[in-house]
Amino acid sequence: MNHIWTVPRISSRAWKVWHRNLVVFFRTWKVNFFPPLIEAFLYLFAIGMGIGSYVQQIDGIPYVNFIAPAILAISVMNSAFFECTYGSYVRMYYQKSFDAMIATPLSIEDVIAGELLWGATRSLLYVIIMLPVFVAFGVISLPTSLLAIPLAFLGGLMFGGIAMCFTAITPSIDTLNYPSFLFITPMALFSGTFFPLTLLPVAFQYIALIFFPLTHLVAIMRMLTLPAITSVLLLHLSWIIVVTAIFCIIAINLMRKRLIV
Amino acid sequence: MPGIIEAQDLRKKFGDINAVDGITFAVNKGEVFGFLGPNGAGKTSTMKIIACVSPRTSGAIRVFDMDPDTSPAEIKQRLGVVPQETNLDPDFTCYGNLFTYARYFDIPPDLASKKAEELLEFVQLQEKRDVTVEKLSGGMKRRLILARALVNNPDLLILDEPTIGLDPQARHLIWERLKLLQSQGNTIILTTHYLDEAARLCDRLVIMDNGKILVEGTPVDLVKQYVGNEVVEIEKTDEVLACLSKNTIPFEAIGDSVQVATDSSREIAKILFDQCSPHKVITRPATLEDVFLKLTGRKLKE
């Protein structure tokens, strides 16, 4: 009766789970805020300034400006994906937190929805932390770049949903390494991030557009930060919204299947 | 007035295994009701159905006159659950665990805070208020879980092996707290392997095996009905065995001893000393453990 495509019934209690994670995050804020800041600097210097001094320009855009939105998009992907794989798995399997939560009025659907919302919030927070650095270096433009913040939430929800599907079916924490290395790493490199998609053979371009959600996120992000907004943005945005909805629904249903026996 | 829980022909299947195989029982308000049974008897599965975290396969169950399948949130709002497995939140302190948990029940922050302090005192953990749960001993963790189960002033407390793995001091403290809750009119259901615990706490209990309820009653009645008042234990010798058989006294040989359940140990002792020349004889009151072993057998489970 509970099919994989059934739209789950979620209550506003999902925010309680979200809030629990938020409280823990801010209590250890020093550990949590530093990595994205450092990451932003590292990428800017190593790739931007380093490779940038050879590459100079791509399509008439300074190389650092070209990769800055990609760094933001990759950060959105990583923070939500790793939160909803390793983070959620630890809470589910080792801490038994989900078991404790569903003994309260929270349903398993609320709990997983809260985890997904939290993954998305984490992406949003990281972008908020990284934006001022990029603005200070003058590699992104205001005010359109501010739209990267809501976009980070949507992108985070998408990668959180995909991540949670892996978490729901993984037999152990070790096997979560497969999606990390076989999916996330290639995606970070071949989604029009550090070089334009058009440099890839046509077949690969299609693969990237169909199977790499990051491609669409990078594309929108770049339109916003350059800025160079065209109507194609709506196509990318629609793609992301549809994929987000699909994976979040499947993730919640798979998790219920795993945990409610 | 309907009972707190009413179950009829309740069943739970995991694949081909009937974990709960058609049980019927009712729990009344203000009662401590025990589920006893060896490992794999179906106790925890039954608890999970009542707690709305595992849907039944078939049969009927009403908790607070509501159906766990259709009103889980409403039922769970009024439940306090002590699970078998310790699942405190390691990211929080003792106080933080209680406060956060109270928030899951929609208890407003100021009230949640007050309740958390109150419960820390109730389970005598005030000194550990700001300690992360990983630093607590096993007994302290169980106490904190008990406190956590009480944050919403539950109308029904579900305890799955509440004192598992605890030392005698910790067990006694938990018992004492449970007795106090009982005296305040709380309804409690509990599962346990410890038969002294069941005898001490339960007003009424069922003994389960292989997913079925074997017997139901008060601890005292069950002991009387299935064993008798006393048990005479005699060191096993061929002479004693032959002698008991000759006098048609029913007995059970276990290891190197022979047990005779009886209402009159004097009579048995007299026959023994007059006719059987026994080596060692001990007379003791019959316990729930005798009932349990008699009904569920002495073979190791699992």
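Q: Where in chain B does Asp69(B) lie?
A: Let's start with one residue of this predicted model. Asp69(B) has 11 other C-beta atoms within 10 Å, so it counts as exposed. Its C-alpha atom is separated by 33 Å from that of Ala199(B), 130 residues apart along the chain. As for its place, Asp69(B) sits in the loop between strand 4 (58–63) and helix 2 (72–76) of chain B.

Q: How many helices and strands does the secondary structure of chain B come to?
A: For a sense of scale, the C-alpha atoms of chain B fill a box of roughly 75 × 45 × 35 Å along the principal axes. Buried residues make up 43% of its 302 residues. Among contacts in chain B with a separation of 6 or more, 69% are between residues 24 or more positions apart. The secondary structure of this chain comes to eleven helices and 13 strands.

Q: Is Asn153(B) buried or exposed?
A: Asn153(B) is found in the loop between helix 5 (138–149) and strand 6 (156–160) of chain B. Its phi is positive, about 45 degrees, although it is not a glycine. There are 11 other C-beta atoms within 10 Å, and a residue with 12 or fewer is put in the outer class. Asn153(B) is therefore exposed.

Q: Which loop of chain A holds Asp59(A)?
A: Here is another residue other than glycine with a positive phi, near 50 degrees in Asp59(A). With 8 other C-beta atoms within 10 Å, Asp59(A) is exposed. Asp59(A) belongs to the loop between strand 1 (57–58) and strand 2 (61–62) of chain A.

Q: Are helix 2 of chain A and helix 3 of chain A roughly parallel or roughly antiparallel to each other?
A: Helix 2 (residues 29–55) and helix 3 (residues 63–94) of chain A pack with their axes 9 Å apart, at an angle of about 150 degrees. Residues that meet here include Tyr43(A) and Ile47(A) from helix 2 of chain A, and Ile67(A) and Ile71(A) from helix 3 of chain A. By class, this contact divides into eleven nonpolar, three polar and one charged. Angles over 145 degrees count as antiparallel, so helix 2 of chain A and helix 3 of chain A are roughly antiparallel.

Q: At roughly what angle do the axes of helix 5 and helix 6 of chain A cross?
A: Helix 5 (residues 108–136) passes helix 6 (residues 148–169) of chain A in a right-handed crossing. Among the residues making the contact are Gly119(A) of helix 5 of chain A and Gly156(A) and Gly160(A) of helix 6 of chain A. The contact has 14 nonpolar, six polar and two charged residues. The two helices are therefore oblique to each other, and their axes, which come within 7 Å, cross at roughly 140 degrees.

Q: Is Met158(A) buried or exposed?
A: Met158(A) lies in helix 6 of chain A. Leaving aside residues up to four places away in sequence, it touches Pro213(A), Ile240(A), Val243(A), Thr244(A) and Phe247(A). Its C-alpha atom is 7.9 Å from that of Ile241(A), although the two are 83 residues apart along the chain. With 32 C-beta neighbours inside 10 Å, Met158(A) is buried.

Q: Which residue does a cis peptide bond join to Leu142(A)?
A: The proline concerned has its place in the loop between helix 5 and helix 6 of chain A. Omega is about 0 degrees for the cis bond, and the partner of Leu142(A) is Pro143(A).

Q: What is omega near for the peptide bond from Leu226(A) to Pro227(A)?
A: Pro227(A) lies in the loop between helix 9 (213–225) and helix 10 (232–259) of chain A. The bond that leads to it from Leu226(A) is cis, with omega near -10 degrees.

Q: Which element of chain A gives the most to the side that touches chain B?
A: In all, 17 residues of chain A are in contact with 20 residues of chain B. Helix 1 and helix 4 of chain A are the elements that give two or more residues to this side. By class, the side has nine nonpolar, four polar and four charged residues. The element that gives the most, with four residues, is helix 4 of chain A.

Terms used: Residues are numbered from 1 along each chain as its sequence is written. Chains are lettered from A and ligands numbered from 1 in the order in which they are written. This is a predicted model: local features need pLDDT of at least 70, side-chain atom pairs count only at pLDDT 80 or more; totals for chains, interfaces and linings use all residues. Axes are lines fitted to C-alpha atoms, for helices over the stretch in contact, and angles run from 0 to 180 degrees between N-to-C directions. Angles under 35 degrees count as roughly parallel, over 145 as roughly antiparallel, 65 to 115 as roughly perpendicular and the rest as oblique. A crossing is left-handed if the near helix is turned anticlockwise from the far one by less than a right angle, and right-handed if clockwise. Two residues are in contact if their C-beta atoms, placed from the backbone, lie within 7 Å. Ala, Val, Leu, Ile, Met, Phe, Trp, Tyr, Cys and Pro count as nonpolar, Asp, Glu, Lys and Arg as charged, and the others, Gly among them, as polar. A residue is buried if 20 or more other C-beta atoms lie within 10 Å of its own, exposed if 12 or fewer, and partly exposed in between; C-beta atoms are placed from the backbone.
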